[in-house]
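The following exercises concern the geometry and burial of selected helices and loops. Each task is followed by a worked solution.

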Amino acid sequence: MSVSVEESYRLCEEIAKRTGKNFYYSFLVMPREKRRAMSAIYAFMRRSDDIADGAANPAVALQGLKDWRATVAAALAGTESSEPTLPALVDTVRKYRIPEKHFHELLDGTEMDQSKTRYATFEELYRYCYHVASCVGLVVLPIFGYKDEAALKPGEACGIAFQLTNILRDVKEDAGLGRIYLPAEDLARFGVSEDDIMQSRMTPQFKALMKFEADRAREYYRQAQPLIGMISPDSRGTLAVMIGIYGGILDKIVAEDYRVFDGKIRLSKWEKWRVVMRNWRRR
């Protein structure tokens, strides 16, 4: 039995508040209608990640994602669904005319994590980042509101910047799952072995590698910056908060001398609130 659209939105907002952390803080400076739409998008991403991360093995995860893809596609095509978050997603997609292909691209990225644990080149890693992060930007751009197609390029760059930040922050956590996202060509360039990462060795070579990757991420933040002025005024605060929080994590990684093996580097709740308050005037 399906839930009402209003109940679905309420559930999505609860999910975003409970598990969204970085994303939820950025929603706070949006008008209510857009905030609900962003929560519906987040709930879709959360459900996709939960299916991928909660399976006993990659084969089970891939089947779960295949079933989820079919369920989402059917809902978007007009079939009533028992998935309680989907009525809000369908309403959001229709209201803001979001291209449905981006949801499939997002799921393509989620599936990549089940079969690929190494990236030979940055070009390969870029494709992964596009699917799991830039596509999120392309999904939410219609909610933000934009008039010029030129917004798509910095929107893509923004996702790359965010995902590179996540990768740098989560080096140890990913290694524990048998994954290394840092490109093999970069490891070789700086003299870092896979074993160095798997064994959490904080070598001078590793720090040099991390500095290189952090500088690369900063360049994508620079390319993304013009997007703030290209979207509707009532959404600029949200994007500025997102950039402020993720950029703040990158700044903290650098400030802590890239010591990502010592524990997950993150912004405190107070630091996130400072970013929100700094951008409240953009509403």
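**Exercise 1: Helix 4**

Determine whether the end-to-end distance of helix 4 (residues 58-76) agrees or disagrees with its number of residues.

Solution. Helices here are DSSP runs of H or I of at least four residues, numbered from the N terminus. The expected span is 1.5 Å times one less than the number of residues. For the 19 residues of helix 4 this gives 27 Å, and the end C-alpha atoms lie 26 Å apart, which agrees. The model is a predicted one, in which local features need pLDDT of at least 70 and side-chain atom pairs pLDDT 80 or more, whereas totals for chains, interfaces and linings use all residues. Residues are numbered from 1 along each chain as its sequence is written, and side-chain values use heavy atoms, without hydrogens and water.

**Exercise 2: The faces of helix 4**

Identify the buried residues of helix 4 and what covers them.

Solution. Step one is to classify by relative accessible area: buried is under 20%, exposed is over 50%, and partly exposed is in between (1.4 Å probe, protein chains only). The buried residues are A61, G64, L65, W68, R69, V72, A75 and L76. Viewed down the helix axis, these residues fall within an arc of 145° (taken from the directions from the axis to the C-beta atoms), so they line one face of helix 4. On the other side, A59 and K66 are exposed. The cover over the buried residues includes helix 3 (32-54), helix 5 (86-96) and helix 6 (101-115), where contact means heavy atoms within 4.5 Å.

**Exercise 3: The ends of helix 4**

Describe the N-terminal cap of helix 4 and the residue G78 just after the helix.

Solution. At the N-terminal end, N57 acts as the cap: one of its side-chain oxygens is 3.1 Å from the backbone nitrogen of A59. Just beyond helix 4, G78 has a positive phi of about 115°.

**Exercise 4: Positive phi outside glycine**

State where R97 and D257 lie, and whether each is buried, exposed or partly exposed.

Solution. Most residues other than glycine have a negative phi. R97, however, has a positive phi near 55°; R97 sits in the loop between helix 5 and helix 6 and is exposed, at 73% relative accessible area. D257 has a positive phi of about 60°. The loop between helix 13 (233-255) and helix 14 (269-279) holds D257, which is partly exposed at 36%.

Terms used: Helices (H or I, at least four residues) and strands (E, at least two) are DSSP runs, numbered from the N terminus. A polar contact is a pair of N or O atoms within 3.5 Å; within protein, one must be able to donate a hydrogen and the other to accept it, and residues adjacent in sequence count only if both atoms are side-chain atoms.
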